[in-house]
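Me: I would like to learn how to read a structure like this one, feature by feature. Could you walk me through it?

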Amino acid sequence: MAKQQQVVIVGGGVIGLLTAFNLASEVQQVILLDRSNVGQESSWAGGGIVSPLYPWRYSPAVTALAHWSQDFYPQLGERLFAATGVDPEVHTTGLYWLDLNDEAEALAWAERESRPLSKVDISAAHDAVPVLGSGFSRAIYMANVANVRNPRLVKSLKAALSALPNVTIHEHCEVSGFIREGEGVVGVQTSAGEIRADRVVLSAGAWSGELLQSLGLELPVEPVKGQMILYKCAPGFLSSIVLAKRRYAIPRRDGHILIGSTLEHEGFDKTPTQPALESLKASAIELIPALADAEVVGHWAGLRPASPEGIPYIGRVPGIEGLWLNCGHYRNGLVLAPASCQLLADLMLDREPIIDPAPYAPTGRI
């Protein structure tokens with residue numbers, strides 16, 4: 001891609017922000033647009049575990065992105081912290097899965113993929129995580145799993161981009177459609193008027209499908225609501241991420257503990273609900289009984305961009321010159337972001353891609 005080009009990125013979640021970050025040094029101008037404030041949707045609302053919740057249940061396509069990202073996250077965190085003074089807190093704690101039905105499949109996957117996942121005695125899990133509830137009988141553990149403090153990652157990325165002279169961020173700038181010329185797209189229609197570009201990248205999360213409909217394309221990305229709660233405990237109270245019965249507890253460095261999450265098909269409604277709050281509290285107490293006496297200091301909902309098999313769309317839109325996708329990451333946007341955004345930059349810049357791009361190509365999938 002020629003250095004003189006201008007790229008518009010629609011959507012300022014972690015995917016849009018990191019896409020902008022990767023392209024900024026290679027193109028003349030990057031313009032990032034968000035309908036509200038950057039990073040306030042699923043990028044802010046998620047848990048930030050740098051692993052799919054059940055990595056063995058995913059296709060090799062998701063696994064390839066996840067492995068590259070997991071290895072890259074520590075250096076990304078250090079680079080952003082050094083550049084901005086805002087620490088994304090990439091916090092390596094390991095992860096215990098408790099009483100899994102498909103434990104054998106998990107262990108077989110780990111052996112096949114050479115990942116550090118192994119069976120541990122439940123007493124060893126209790127020794128490592130003394131606050132763990134007593135109602136569990138089996139555990140497996142992966143040592144190198146980290147979590148990233150996603151609101152700080154977003155803040156750090158925004159600060160890094162704001163310092164670059166050729167990057168412009170427009171918040172509260174809603175995109176309503178695309179500017180067509182001939183067979184291609186040459187910009188976007190926004191609430192602030194037309195913005196022209198040599199290339200447009202759509203990374204609008206759960207809203208990506210709606211935007212593509214204006215071009216007569218059916219992108220199977222839809223919102224799936226997830227609710228979370230947050231407790232404040234002492235630093236070190238919970239030493240590892242623990243996961244049982246599709247619910248997890250994630251420790252932040254300062255003692256905050258995230259409990260998540262629900263899976264609800266409610267369209268674009270992201271109102272927190274009382275039944276979800278009660279359900280999440282019950283899960284929290286089952287995982288960590290001492291949380292019965294802790295205060296819930298936060299309760300919120302976000303919208304995941306669901307896609308078939310959770311495989312994102314990364315690459316050129318067939319038949320429409322100038323339009324690219326980086327969206328549809330479902331439950332794994334934060335996990336897959338570094339690899340997804342590197343892969344998209346490689347494709348846009350005609351570089352050797354970090355992994356085989358074929359599984360993510362929009363061609364044949366929309």
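Reply: Happy to. Let's start with a term: a residue is exposed when its relative accessible area is over 50%, and buried when that area is under 20%. Keep in mind that this is a predicted model.

Me: Thanks. Is His172 buried or exposed?

Reply: His172 has a relative accessible area of 53%, so it counts as exposed. You will find His172 in the loop between strand E8 (167–170) and E9.

Me: What should I look for in the backbone of His172?

Reply: The general idea is that most residues other than glycine have a negative phi. His172 is not glycine, yet its phi is near 55°, a positive value. There is another case to look at: Ser114 also takes a positive phi, of about 55°, just after H4. Ser114 sits in the loop between H4 and E5, and with a relative accessible area of 63% it is exposed.

Me: Which residues of helix H4 are buried?

Reply: H4 covers residues 103–113, and its buried residues are Glu103, Ala106, Trp109 and Ala110. Look down the helix axis: these buried residues fall within an arc of 125°, so they line one face of H4. The face turned away from the buried side carries the exposed residues Ala104, Glu111 and Arg112.

Me: What covers the buried residues of H4?

Reply: The cover includes helix H3 (60–84), together with strands E5 (117–120) and E6 (139–142).

Me: Now the strands. How do I read a sheet, and what is the order of the strands in the open one?

Reply: Strands count as paired if there are at least two bridges between them. Here an open sheet of three strands runs in the order E9-E10-E11, with antiparallel pairing. Its edge strands are E9 (175–181) and E11, each of which pairs on one side only. Ignoring direction, neighbouring strands of this sheet are turned by 35° against each other on average.

Me: How many bridges join E9 to E10?

Reply: Six bridges join this antiparallel pair. On the other side, E10 (residues 184–190) pairs with E11 (residues 193–196) over four bridges, again in the antiparallel sense. A hairpin of two residues links E10 to E11. To trace a path across the sheet, begin at Phe178, whose bridge partner in E10 is Val188. Val188 in turn stands opposite Ile195 in E11.

Me: Where is there a cis peptide bond?

Reply: As a general rule, most peptide bonds are trans. The cis bond to look at here joins Gly260 and Ser261, with omega about -5°. Ser261 lies in the loop between strand E16 (256–260) and helix H8 (274–287).

Me: And the cysteines: how many disulfides does a search of the whole structure find?

Reply: A disulfide is a covalent bond between the sulfur atoms of two cysteines. The search finds zero of them. Take Cys341: the closest cysteine sulfur, in Cys327, is 11 Å away, which is too far for a bond. Cys341 is also buried, at 1% relative accessibility. Cys233 counts as buried too, at 12%.

Me: What does UniProt place at residues 7–347?

Reply: The unreviewed UniProt entry gives the feature "domain: FAD dependent oxidoreductase" for that range. In the model, the span is 31% helix and 28% strand, and its end C-alpha atoms lie 14 Å apart.

Methods:
Residues are numbered from 1 along each chain as its sequence is written. This is a predicted model: local features need pLDDT of at least 70, side-chain atom pairs count only at pLDDT 80 or more; totals for chains, interfaces and linings use all residues. Side-chain values use heavy atoms; hydrogens and water are left out. Buried means under 20% relative accessible area, exposed over 50%, partly exposed in between (1.4 Å probe, protein chains only). The arc is that of the directions from the helix axis to the C-beta atoms. Contact means heavy atoms within 4.5 Å. UniProt positions are given in the numbering used here, feature names are shortened, and annotations may be inferred rather than shown by experiment. Axes are lines fitted to C-alpha atoms, for helices over the stretch in contact, and angles run from 0 to 180 degrees between N-to-C directions. A disulfide is a pair of cysteine sulfur atoms within 2.5 Å.
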